[in-house]
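Reader: I'm new to reading protein structures. Could you pick one part of this one and take me through it slowly, step by step?

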Amino acid sequence: MATIVFCTVNKTARSTATRCSSASGRETLRQFSSAHSPSATWLPGARWFSRGTGVRFMSHGTAGRAAAGRIRRGALALGGAAAVTAAAAVAGLLANANHFPRAHMATRVSPAAEDREQEGDIVERCRGFMCPPVTDINVLQGSKEEMRTRMEMLIMETQAEFCRALQEVDGGTFKVDRWDRKEGAKQWWFGGGTDLTPVYVNKEDAFQFHNTLKEACDKHHSQYYPDFKKWCDRYFYIRHRGETRGIGGIFFDDLDSPSQEEAFSFVKSCAGTVVPCYLPIVYKHLNDSFTDEEKDWQQVRRGRYVEFNLVYDRGVKFGLATPGSRIESILMSLPLTARWEYMHEPAKGSLEAEMLEVLRNPKEWV
């Protein structure tokens with residue numbers, strides 16, 4: 001499984017996206033106020049937030065179902081809950097701003113100015129979205145230079161790219177579920193994260209995922225990937241189990257330096273990894289077969305994923321504790337099925353034991 005989160009605490013935060021895939025064929029892309037792991041925020045100084053509309057996308061495709069006597073293993077090979085968050089707003093980070101150290105970006109010239117020139121016309125870009133943006137297009141057009149507009153456009157474009165990529169591989173289609181939210185906080189910064197949660201160790205897949213993230217980080221500073229990779233290992237950690245949720249990725253929070261433009265440029269580079277870091281792995285394992293024993297192990301790993309999300313994930317905890325929050329959206333990150341076994345321990349020398357060793361002792365993959 002992969003979890004990918006990009007967030008901003010502003011008006012666009014109400015339009016975030018998450019897709020969940022399971023071996024049973026359930027796939028959901030949703031937008032929610034507390035970004036699944038998907039969870040973080042970024043930007044430095046402006047004060048915005050007004051009432052907005054949330055959007056959820058749901059798709060019921062064929063991934064993971066038996067076909068013509070051959071069981072497909074794509075979701076099994078990729079992760080416990082197989083949830084991928086393409087973009088998510090996490091109000092919970094506002095309430096827990098001191099939970100982790102702030103991320104600091106080194107002062108270095110980045111392609112921020114070039115990226116800005118390539119952002120293009122608002123109306124034309126909106127035609128490529130999966131649904132109308134949260135903010136009225138005329139309002140966006142009139143404020144296209146403002147960061148909240150640029151962030152909303154980035155989230156909607158990342159969502160559209162990812163949804164279409166998943167539709168192509170899965171064959172399902174998305175429907176839109178919209179709702180209104182009351183206005184939220186007026187603080188802003190950048191944050192984001194992604195981790196891959198496979199059921200079995202595959203070094204080629206791990207390298208593909210991590211190297212794609214590293215290349216995006218290296219465009220801005222060589223220290224970003226190692227720093228944010230370590231942060232990811234710390235954040236996606238199930239303390240009561242003594243193991244990480246998956247094989248890591250990157251995670252950062254409270255990013256507001258060296259400038260808003262530099263931070264946003266970095267975020268755009270990260271958003272651009274959503275499809276290339278994950279979809280090649282999906283295609284690679286789409287038709288892999290699996291045994292009943294492997295399926296049971298997948299369900300156990302999904303149980304660990306549930307434990308992390310409900311016990312430790314900051315966005316989920318904040319959402320559940322917030323009066324009037326949209327519970328359906330908050331819990332959308334959970335798998336359709338999971339399993340717990342008393343005193344479960346894989347046999348020594350097994351592939352399951354190899355996976356557990358990696359989770360207990362995080363590795364460097366690139």
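Author: Let's begin with a pair of side chains: aspartate 218 and lysine 214 are joined by a polar contact of 2.7 Å. Keep in mind as you look that this is a predicted model. Aspartate 218 belongs to helix H7, which covers residues 203–218. Is aspartate 218 buried or exposed? Neither word quite fits: aspartate 218 is partly exposed, because its relative accessible area of 26% falls between the cut-offs of 20% for buried and 50% for exposed. Now look across to phenylalanine 266, which sits 48 residues away from aspartate 218 along the chain. In space, the C-alpha atoms of these two residues are separated by 9.8 Å.

Right beside aspartate 218 in the numbering is cysteine 217, and here the setting changes. Cysteine 217 counts as buried, because its relative accessibility is 0%. You may wonder whether this cysteine is bonded to another one. A disulfide is a covalent bond between the sulfur atoms of two cysteines. The structure holds zero disulfides. For cysteine 217, the nearest cysteine sulfur belongs to cysteine 270, at 5.0 Å. That distance is over the 2.5 Å limit for a disulfide, so cysteine 217 is in none. Cysteine 126 is not in a disulfide either, and its nearest cysteine sulfur, that of cysteine 131, lies 10.0 Å away. Cysteine 126 is also buried, because its relative accessibility is 10%.

Both cysteine 217 and cysteine 270 lead us to isoleucine 250. Which residues does isoleucine 250 touch, once its neighbours within four places in sequence are set aside? Its contacts include Cys217 and Cys270, along with Leu213, Tyr225, Phe228, Lys229 and Cys232. Isoleucine 250 is also in contact with Gly192, Gly193 and Thr194, three residues that point us to our next stop, a strand.

That strand is S9, made of residues 190–196. S9 is largely enclosed by the rest of the structure, because seven of its seven residues are buried. Try following its two faces on your screen. Phe190, Gly192, Thr194 and Leu196 point one way, while Gly191, Gly193 and Asp195 point the other way. Next, find strand S12, which spans residues 249–255 and is joined to S9 by five bridges. The two strands run antiparallel. S12 is mostly covered too, with seven of its seven residues buried.

Aspartate 195, in S9, is a good residue to pause on. Its bridge partner in S12 is glycine 249. Aspartate 195 counts as buried, because its relative accessibility is 0%. Its side chain still has a polar partner: the side chain of arginine 245 makes a polar contact with it at 2.6 Å.

Where does the chain go between S9 and helix H7? It passes through a loop, and valine 199 lies there. Even in this loop, valine 199 is buried, because its relative accessibility is 0%. Valine 199 and glutamine 298 are 99 residues apart in sequence, but their C-alpha atoms are 5.8 Å apart in space.

Now let's step back to the nonpolar core. The largest one has 53 residues, and the members that touch the most others are Phe190, Ile250, Phe252, Phe266 and Leu279. You have already met Phe190 in S9 and Ile250 through its contacts. Helix H6, residues 147–170, gives the most to this core, with eight residues. The core draws at least three residues from domain 1 (119–179) and at least three from domain 2 (187–365). There is also a second, separate core of seven residues, which includes Ile122, Cys126, Phe129 and Cys131.

One more polar pair is worth finding, in helix H11 (residues 292–311), where asparagine 309 is found. Asparagine 309 is buried, because its relative accessibility is 0%. A polar contact of 2.9 Å joins its side chain to that of serine 333.

Finally, here is the wider setting for the part we have explored. The protein chain has 14 helices and twelve strands. Of its 366 residues, 59% count as buried. Among contacts between residues at least 6 apart in sequence, 86% join residues at least 24 apart. The pairing of valine 199 with glutamine 298, 99 residues apart in sequence, is a handy example of distant parts of the chain lying 5.8 Å apart, C-alpha to C-alpha.

Methods
Residues numbered from 1 in each chain as written. Predicted model: local features only at pLDDT ≥ 70, side-chain atom pairs only at ≥ 80, totals over all residues. Heavy atoms only, no water. Core = buried A, V, L, I, M, F, W, Y, C linked by side-chain atoms within 4.5 Å. Buried < 20%, exposed > 50% of the residue type's maximum accessible area, 1.4 Å probe, protein only. Helix = DSSP H or I, 4+ residues; strand = E, 2+ residues; numbered from the N terminus. Domains from an automatic or database assignment. Contact = heavy atoms within 4.5 Å. Polar contact = N/O pair within 3.5 Å; in protein donor to acceptor, adjacent residues only side chain to side chain. Pairing = 2+ DSSP bridges.
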